[in-house]
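Take a moment to look over the sequence and the 3D picture below. Then we'll walk through a few parts together.

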Amino acid sequence: MIYTVTFNPALDYVVWMDRFAPGELNRTKSEEIQWGGKGINVSSVLGQLGVESVALGFLAGFTGSALEDGLRQSGIRTDFVHLTRGLTRINVKIKGDCETEINGQGPDIPPQALEELHGKLEKLGEGDMLVLSGSVPAALPHDVYERILSRLDGRGIRFVVDTTRDLLCNVLPYRPFLIKPNSLELGEIFGRELKNDEEILECARALQERGARNVLVSMAGDGSLLLSESGESHRLGVPKGTVRNSVGAGDSMVAGFLAGWLQTGDYAYAQRLGAAAGSATAFQDGLATREEILALINAF
């Protein structure tokens, strides 16, 4: 089973308008509510690809109840920790002549709630996958990723980590099955600007030497590069299409990669399905559907 953790999920209130004018009355052309959070995005796209997962994390208040109900209606299994105070955040995404985002802060997470999450994760065992992605809320200890992996180390669980800088580097000794930095994040880790595939591959190998098994580097409009645990590198470009949305594209890539690997055990195919999922989401206003993803699988 795949388990995803979203420390600070959200209801994303997405509005479309012809023009956004600060300080004036603005009227929308359309709007919708989307379920937000990197781990939740991974679970959503996994579901589209026929792979079951369980979404974990922290929820609070009526907004948290609405988010959980929406996920369950979408067929996603959940096992959240419910906080007694605060509200799951609402993020406002304004799409007009330019894109504007207003992200909520989220509820306070007390130590006992984190311990309750640890208790849920204690149920994982041999063959399970755990996806940790995104930043850590200020209410949690900065080393929460390390704490989770250290408690689960040695149980045969495949760890997937999609985060940045120290959060990523500090979990490498636990030999995560997959990490997915983008090329800018990869350069930040080594304090340099990466200008070509050779430099990206050099830094990916350095992270592999520190413990990562598979390093998948997303490169926006330049595609992706995979350095697999077998030592082989695979380079893919991007299919033709108009980018309409960058939110969730990286999470979709992670979901596609995991689905592809679970289905075939082939890293090259996993990268292709991951790239198709990431691109399909980038070409839509929300997360891609199964049909949209499979329509791009042979476009590389």
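What follows covers a sheet, a helix lying across it, and a helix with a buried face.

## Before we start

This is a predicted model: local features need pLDDT of at least 70, side-chain atom pairs count only at pLDDT 80 or more, and totals for chains, interfaces and linings use all residues. Residues are numbered from 1 along each chain as its sequence is written, and side-chain values use heavy atoms, with hydrogens and water left out.

## The sheet

Helices (H or I, at least four residues) and strands (E, at least two) are DSSP runs, numbered from the N terminus. Four strands make an open sheet in the order 3-2-7-8, with mixed pairing; two strands pair if DSSP finds at least two bridges between them. Strand 3 (30–36) and strand 8 (99–102) sit at the edges with a single partner strand each, so one side of each has no neighbour in the sheet. From one strand to the next, the twist averages 20°.

Strand 2 (residues 10–16) and strand 7 (residues 89–95) run parallel, joined by seven bridges. Here V14 stands opposite K93 in strand 7.

## A helix across the sheet

Helix 2 (residues 61–73) lies across strand 2, strand 3 and strand 7, and runs at about 85° to strand 3. Angles run from 0 to 180 degrees between N-to-C directions, and axes are lines fitted to C-alpha atoms, for helices over the stretch in contact (heavy atoms within 4.5 Å).

## A helix with a buried face

Which residues of helix 3 (residues 111–121) are buried? They are A113, L114, L117, H118, K120 and L121, where buried means under 20% relative accessible area and exposed over 50%, partly exposed in between (1.4 Å probe, protein chains only). Seen down the axis of helix 3, its buried residues fall within an arc of 160°, so they line one face; the arc is that of the directions from the helix axis to the C-beta atoms. On the other side of helix 3, P111 and Q112 are exposed.
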